[in-house]
Amino acid sequence: AQTVVQFDGIVVASCVLSVSTPGVLGVSANSGTEISSELPDGVAAVMSVVATAGTPTISFTAPELSVSPGDYNGTPTVAMKYTSLGGANQPYTSSASQYTSTNPLSDTVTLNAKATDSSGFAAGTYRVQTTATCEQ
């Protein structure tokens, strides 16, 4: 006797983004006019991408200063840059950006951010942020 034993399945296009290392902003000690993840005490953010059904396209909104002390009235220039194991190499930009990974299932993105203000920054807590989106 003979029979066919089959296994059916559906691969659903999906993408999961997770930040394994949150970014930390350091402050320029000599002038106080820049806060950046590349300055002393700063840390780059690391985001992992896990995708199915093809190479993912990762989009980032324009970076913004989303948290600042109440007495800070400056108008900073905010920018970010990123690289990835999947081929991204975005220099500092203040605009929205995107890239398509060359890795079909996973990628690791390292992001740096900075804000500059020639008037300096008031004492307090600051946050630079972007929103990442993954599409198949």
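## Threonine 61 and its surroundings

Threonine 61 is partly exposed, its relative accessible area being 36%, in a model that is predicted. The 36% value falls between the limits of 20% and 50%, and therefore the residue counts neither as buried nor as exposed. Its place is the loop that links strand 5 to strand 6 (64–67).

Once residues up to four places away in sequence are set aside, threonine 61 touches Met80, Ala96, Thr130 and Thr131. A further relation concerns serine 95, which stands 34 residues from threonine 61 in sequence, while the C-alpha atoms of the two are 7.3 Å apart in space.

## The loop between strands 2 and 3

Two residues of the loop between strand 2 (26–27) and strand 3 (34–36) may be described together. Serine 28 lies in this loop, and so does alanine 29. Serine 28 counts as buried because its relative accessibility is 7%, under the 20% limit. Alanine 29 is exposed, since its relative accessible area of 83% is over 50%.

Apart from its neighbours within four places in sequence, serine 28 is in contact with Thr33, Glu34 and Leu39. For alanine 29, the C-alpha atom is separated by 8.6 Å from that of proline 40, a residue 11 places away along the chain.

## Positive phi angles outside glycine

In general, most residues other than glycine have a negative phi. Aspartate 41 has a positive phi of about 75°, although it is not a glycine. This aspartate lies in the loop between strand 3 and strand 4, and it counts as exposed because its relative accessibility is 70%.

Alanine 53 also has a positive phi, near 70°, and is a residue other than glycine. The loop between strand 4 and strand 5 is where alanine 53 is placed.

## The hairpin of strands 7 and 8

Strand 7 (residues 77–84) and strand 8 (residues 89–93) run antiparallel and are joined by three bridges. One residue pair can be named: threonine 83 has asparagine 89, in strand 8, as its bridge partner.

The two strands form a hairpin, with four residues between them. Within the turn, glycine 87 has a positive phi of about 105°.

## The largest nonpolar core

The largest nonpolar core consists of 20 residues. Those with the most contacts inside this core are Met47, Ile58, Phe60, Tyr82, Tyr99, Val109 and Leu111. Two or more core residues come from each of strand 4 (45–52), strand 5 (57–60), strand 7 and strand 10 (106–116). Strand 10 gives the largest share, four residues.

What does tyrosine 99 contact, leaving aside its neighbours within four places in sequence? Its partners are Pro56, Thr57, Ile58, Phe60, Tyr82, Ser84, Ala88, Asp107 and Val109. Ile58, Phe60, Tyr82 and Val109 thus appear both among these contacts and among the core residues with the most contacts.

## The largest pocket

The largest pocket holds about 470 Å³ of space. It is lined by 21 residues, of which Gly23, Ala45, Val128, Gln129 and Thr130 are the closest to its centre. Strand 4, strand 10 and strand 11 (127–129) are the elements that give two or more residues to the lining.

By class, the lining has 15 nonpolar, five polar and one charged residues. Strand 4 and strand 10 each give two or more residues to this lining and two or more to the largest nonpolar core. Thr130, named above for the pocket, is also one of the residues that threonine 61 touches.

Terms used:
Residues numbered from 1 in each chain as written. Predicted model: local features only at pLDDT ≥ 70, side-chain atom pairs only at ≥ 80, totals over all residues. Heavy atoms only, no water. Pairing = 2+ DSSP bridges. Core = buried A, V, L, I, M, F, W, Y, C linked by side-chain atoms within 4.5 Å. Buried < 20%, exposed > 50% of the residue type's maximum accessible area, 1.4 Å probe, protein only. Contact = heavy atoms within 4.5 Å. 1 Å grid on protein atoms, 1.4 Å probe; cavity = no way out; pocket = protein on both sides within 12 Å on 5 of 7 lines; lining within 4 Å. Points joined across faces, edges and corners; volume = space filled by probe spheres on them. Nonpolar A, V, L, I, M, F, W, Y, C, P; charged D, E, K, R; others polar.
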